[in-house]
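Subject: Structure handover

Hi,

Here is the structure I promised to send over. My notes follow below it.

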Amino acid sequence: MPGYVIHLAVAEKNAKLSNVVNKEEFMRGVIAPDLLKSVGIDAHYGNSSNPNLKMFLQKHDLKKDYNKGYFLHLVTDYLFYNKLLGKWAPQIYDDYNVLNPILIKKYNIQLPNELQNCVKFEDKALTILKFDDIISFIETVGKMPINQMCKKYVGEINYECQK
């Protein structure tokens, strides 16, 4: 899964495009799957690399900003694992710690209270991730409105994606 700050950076880019009214609720939704997973709940509707987006949409209304954020989290996980990440290794968490201060500054991220003790910072070189790839990923995913993500990644289901 992408680190918390990567999720928040994507959300910062995405909020206006997805007609978010209550940004605080949207951001709570963006971080919720990882916080819920830490208490043993299947918060990713399957696994992070292949979430069941159809199931999520059948249970949740995308008119609510919290649900938009949650859906964005699931799609971001899917794209991170399947389009960006060539391999997973435990050192990826160290890379998140290196990227965190850079991304917080670049995307003007305000860390939610729930993450104050979770987000760490390190000053060393990246070992798994490439900075330019992460920025490109954030920019690309952040520029796709939720309703387009719904149509592109869920496919043909008996559910109409809301705008």
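A word on classes before the notes: Ala, Val, Leu, Ile, Met, Phe, Trp, Tyr, Cys and Pro count as nonpolar, Asp, Glu, Lys and Arg as charged, and the others, Gly among them, as polar. This is a predicted model: local features need pLDDT of at least 70, side-chain atom pairs count only at pLDDT 80 or more, and totals for chains, interfaces and linings use all residues. Residues are numbered from 1 along each chain as its sequence is written, and side-chain values use heavy atoms, with hydrogens and water left out.

**Pocket**

On a 1 Å grid over the protein atoms alone, a pocket is an open set of points where a 1.4 Å probe fits, with protein on both sides within 12 Å along at least five of seven lines; lining residues have an atom within 4 Å of a point. The second largest pocket has a volume (the space filled by probe spheres set on the points, joined across faces, edges and corners) of about 200 Å³. Its lining holds five charged, three polar and two nonpolar residues. Among them are Glu12, Lys23, Arg28 and Asn108. Helix α2 (residues 23–37) gives the most, with four residues. Helices are DSSP runs (H or I, at least four residues), numbered from the N terminus.

**Helix contacts**

Contact means heavy atoms within 4.5 Å. In α1, Ile6, His7, Val10, Ala11 and Asn14 meet Leu72, His73, Thr76, Asp77 and Phe80 of α4. By class, that contact has five nonpolar, four polar and one charged residues.

α4 also meets α6. Here Leu72, Thr76, Leu79, Phe80 and Leu84 in α4 touch Asp133, Ile134, Phe137 and Val141 in α6. This contact divides into seven nonpolar, one polar and one charged.

Best wishes

Definitions and conventions
Helices (H or I, at least four residues) and strands (E, at least two) are DSSP runs, numbered from the N terminus.
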